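Welcome to a short set of exercises on one protein chain. Have a look at the model first, then work through the tasks at your own pace.

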Amino acid sequence: MHVCNVAAEWRNTFHKDVVIDIVSYRRNGHNEIDEPMFTQPLMYSIIKKTPNVLEKYATKLIKEGVVTEEEVKDVKEKYDKICEEAYTNARKETHIKYKDWLDSPWSGFFEGKDPLMVSPTGVKEDTLVHIGKRFSSPPPNAAEFVIHKGIERILKARMQMVESRMVDWALGEAMAFGSLMKEGIHVRLSGQDVERGTFSHRHHVLHHQTVDKATYRPLNYLYPDQAPYTVCNSSLSEYAVLGFELGFSMTNPNALVCWEAQFGDFNNTAQCIIDQFISSGQAKWVRQSGLVMLQPHGLEGMGPEHSSARLERFLQMSADDPDYFPPESEEFAVRQLHDINWIVANCSTPANLFHILRRQIALPFRKPLILMTPKSLLRHPEAKSSFDLMTENTQFLRVIPEEGPAAENPSGVKKLVFCCGKVYYDLKKARDERKLSDSVAIARVEQISPFPYDLVKKECAKYPNAILCWSQEEHKNQGCWTYVKPRFHTALNGVREVQYAGRPTAASPATGSKMQHLRELAALIDDTMAV
């Protein structure tokens, strides 16, 4: 206690951190039934002869006349009795007060809420326009704040999108963040290069080009009474940073806390946090978290270390039963979310990104969101969304069905392809080039886990004569295939088979050869489009 008091006084006086180095030992080795004498005989011979802290302290107080031996004995017996009674009562307990444990860190958060009622995620168009224009504008004192010429072009392009009622990925994300802050929700984003964006698409912090460390953060100046926005670059220590952000998300359910990996596979150095805490936090400790993990993912010829966020690992840790099709009802989607340990998604449109980020706060509970995010799609001309998909009465689409010519004559469709993420645009381009728009339908599974059994069943029923196929850019032993295969079987009651189209199995997530990458891509497109 003396050392701790000195440390506290030092910190309060000099405003500097203090590290207390405590040298201690284990009286019982690794645990109470371990035998440390096997490997440390001399040290533990000494430890066994050393009085414990209670004995030392009691002896000191008795010598000083503060207490008597009888009083020490009474205190020990009283404490032992408390522990024994608690242990006995615990063995009699048959009712687990799950609700008390769940609500304990967030007092009142669950009170008065319908556990299956999701608040709307669409917003008024005026809100989208206001946020879009503020996000696309230079600082108010633009005459003095010199911004980079490249940033000027980006801001101008954003403003043109807002005026044409369209959004790309960066704009959709900013509108999700901004609209939540308008509603009083603190938004926090950390990770490597998140201020600019690894792929130079975000630019949430503008830098004065002639004044060192002079910056402007447009999302902090959307509304006079908005909640704060915290965006900060972090070091390449994913284990530490992800652990910190998880802790932050657990302290406040009314904050959207996001961590972005520079590339998706960089999450592997934080695997301990993912395995031990994020995937199983509610099951182990009855603690919820709404943490969002943004994982850039996609095979684009960049080699094995910058391609895959290891989607298959997150799906393997998803706790839904592949053999169980939940009862269909109006609450089907939200009940699935309520029962799952986390949500895994791979969105193909900025509008769906907007909705799934807002849904994290709209839910009456909290679940981690593992989100595969794009790289090349950030600037893909077709990967844009209209305001019409983000305004009131719109929502996140778990599955985006075929909406082209094939949907107009479903009985004539020869093949129904399911996919997720970036590969959709590769398949769509190939289908158009091969003039197969009438005979090949493509449906996008945006939320992979929990699996949208109801919508997959509905989409398959729409095309009774079609061959069913799952197409993915990842290798066969990676990506979604091993997760979706048994769930398709359950959704279709084993009546129709689902073919696989994609890369063969491999130990590496991607080839290091650009030419080999292109050959593999051509082969998976050929397999998918074969009718």
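Buried means under 20% relative accessible area, exposed over 50%, and partly exposed in between, with a 1.4 Å probe and protein chains only. The model is predicted: local features need pLDDT of at least 70, side-chain atom pairs count only at pLDDT 80 or more, and totals for chains, interfaces and linings use all residues. Residues are numbered from 1 along each chain as its sequence is written, and side-chain values use heavy atoms, with hydrogens and water left out.

**Exercise 1. Describe the chain as a whole.**

Step 1. Start with burial: 50% of the 531 residues count as buried.

Step 2. Next, list the secondary structure, where helices (H or I, at least four residues) and strands (E, at least two) are DSSP runs numbered from the N terminus. The chain has 19 helices and 16 strands.

Step 3. Split the chain with its domain assignment, whose bounds come from an automatic or database source. This gives domain 1 (1-50), domain 2 (53-94), domain 3 (125-389) and domain 4 (399-529). The centres of domain 2 and domain 3, taken over C-alpha atoms, are 53 Å apart.

**Exercise 2. Find the largest cavity and describe its lining.**

Step 1. Set the terms. On a 1 Å grid over the protein atoms alone, a cavity is a set of points where a 1.4 Å probe fits but cannot get out, and lining residues have an atom within 4 Å of a point. Points are joined across faces, edges and corners, and a volume is the space filled by probe spheres set on them.

Step 2. Search the whole structure: four cavities of 30 Å³ or more turn up. The largest holds about 120 Å³ of space.

Step 3. Look at the lining. There are 13 lining residues, and H201, E260, T373, P374 and L378 are the closest to the cavity centre. Two elements, α8 (169-182) and β7 (292-296), give two or more residues to this lining; α8 has the largest share, with three.

**Exercise 3. Which domains each give at least three residues to the lining of the second largest cavity?**

Step 1. Take the volume, about 70 Å³.

Step 2. Read the lining, which includes H297, E300, M372, T373, G421, K422 and E473.

Step 3. Assign the residues to domains: domain 3 (125-389) and domain 4 (399-529) each supply at least three.

Definitions and conventions:
On a 1 Å grid over the protein atoms alone, a cavity is a set of points where a 1.4 Å probe fits but cannot get out, and a pocket is an open set with protein on both sides within 12 Å along at least five of seven lines; lining residues have an atom within 4 Å of a point.
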